[in-house]
Amino acid sequence: MKSNSDDTTSVEDNDSPLKKSGRKLVKYCSDKFQKYSPQHKKGRKQHVTNEIAPLMEKQAAEKRAAKEHEEALFKEHPFPEECPICLIPMPGEGHAIFEACCGKIICNGCIYAMKKTSEGSKDMCAFCRTPTITSDKEVESLNKLMEKGGHAYAANVLGCYYEGGLNGMPKDDQKAHELWQKAGELGCASGYYNLGRFYGIDNGIESENARGMYYYELAAINGSLEARFELGAIEGQTFNESRAIRHHTIAAKAGHKPSMNILKRLFRYGDITEDELEDTLRVHKERLEAMKSQQREEAEEYHAANDPDRKWKEMVQSIMQGPDEDEWMEAMRAIEEKRNQIS
């Protein structure tokens with residue numbers, strides 16, 4: 001019989017019972033015994049670990065990214081950027097105009113004040129005093145702003161032109177998507193909002209609905225109150241009431257009136273408490289007060305009086321308020337009385 005020392009130094013060949021285990025040659029009685037040997041199990045375990053480790057690391061990274069995204073999504077909105085003329089925080093989308101000549105966003109109050117006080121400046125930019133440009137010149141100016149280093153809002157506006165085939169631009173959805181994506185990456189929330197609006201949630205295509213939600217979330221993270229309102233509406237339709245309330249609360253505290261109206265309805269139905277409503281309403285009023293100016297109020301009155309769709313908008317607003325508005329006013333009066341007693 002050969003000694004163990006001879007076994008460990010013999011050369012392994014196809015017919016030999018010697019099998020390699022680690023750095024040594026070990027004699028096994030059979031292949032079955034080798035399969036269940038401690039040395040074989042250890043090697044197999046290490047092999048499986050090497051295969052699973054990258055997958056586990058990827059899953060952990062995805063989990064961290066999802067958590068960070070969720071935290072960013074439900075952060076309260078800071079004050080918006082100031083108007084470069086009056087230096088008051090912007091009142092929100094729909095109450096300001098983007099000037100393609102200088103790339104500035106001017107509030108309606110400053111534009112209205114300039115046109116009211118200076119007859120010769122009616123057709124000039126309120127910021128740089130450049131004469132109003134035609135549609136062809138506007139596209140040229142937008143492209144120049146893009147070439148100078150990537151103007152976020154210029155990319156967003158160009159994307160809208162490509163979507164609708166406006167101002168001489170060919171209708172090209174792919175080009176519009178590229179420009180909106182670039183605008184969003186440069187910090188323009190409207191770029192992401194337009195992507196979410198395009199994909200939507202009611203087209204019956206589940207993958208595109210998910211993309212629409214994702215872009216709405218990116219828009220909300222970047223400060224779009226309209227996108228956050230849409231998210232609140234979507235979550236409410238899918239019976240995620242807690243997430244819907246969180247979205248509407250954040251938007252209302254940032255000064256979004258439609259979201260505040262939704263919360264008033266939820267209060268009547270008992271979905272939020274009186275303290276929650278009071279806190280949100282207080283912050284809502286403070287935010288609106290900080291964005292208020294006499295010029296902006298005059299501009300809003302002027303545009304409302306000259307809006308060709310005024311009657312239609314008034315009808316929609318009355319529907320949004322609902323038939324039991326008197327009940328809401330009574331509830332608000334009770335809250336106001338309680339607040340006065342506390343103060």
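**Notebook: helix packing and burial**

I looked up helix 6 and helix 8 and found that they are roughly parallel to each other, because their crossing angle falls in the class under 35 degrees. Their axes, helix 6 being residues 152-164 and helix 8 residues 189-199, come within 9 Å and cross at roughly 25 degrees; I take axes as lines fitted to C-alpha atoms, for helices over the stretch in contact, with angles from 0 to 180 degrees between N-to-C directions. Tyr153, Asn156, Cys160 and Glu163 of helix 6 meet Ser190, Gly191, Asn194, Arg197 and Phe198 of helix 8, where contact means heavy atoms within 4.5 Å.

This is a predicted model, in which local features need pLDDT of at least 70 and side-chain atom pairs count only at pLDDT 80 or more, while totals for chains, interfaces and linings use all residues. Residues are numbered from 1 along each chain as its sequence is written, and side-chain values use heavy atoms, with hydrogens and water left out.

I then turned to helix 4 (residues 108-117), which is largely enclosed by the rest of the structure because 7 of its 10 residues are buried, that is, under 20% relative accessible area with a 1.4 Å probe, counting protein chains only. I listed Asn108, Gly109, Cys110, Ile111, Tyr112, Ala113 and Met114 as the buried ones, and noted that their cover includes strand 3 (96-99), strand 4 (104-107) and helix 14 (294-305).

For the whole chain I recorded 16 helices and 4 strands, taken as DSSP runs numbered from the N terminus (helices H or I, at least four residues; strands E, at least two). Buried residues make up 34% of its 343 residues.

Conventions
Buried < 20%, exposed > 50% of the residue type's maximum accessible area, 1.4 Å probe, protein only. Parallel < 35°, antiparallel > 145°, perpendicular 65-115°, else oblique.
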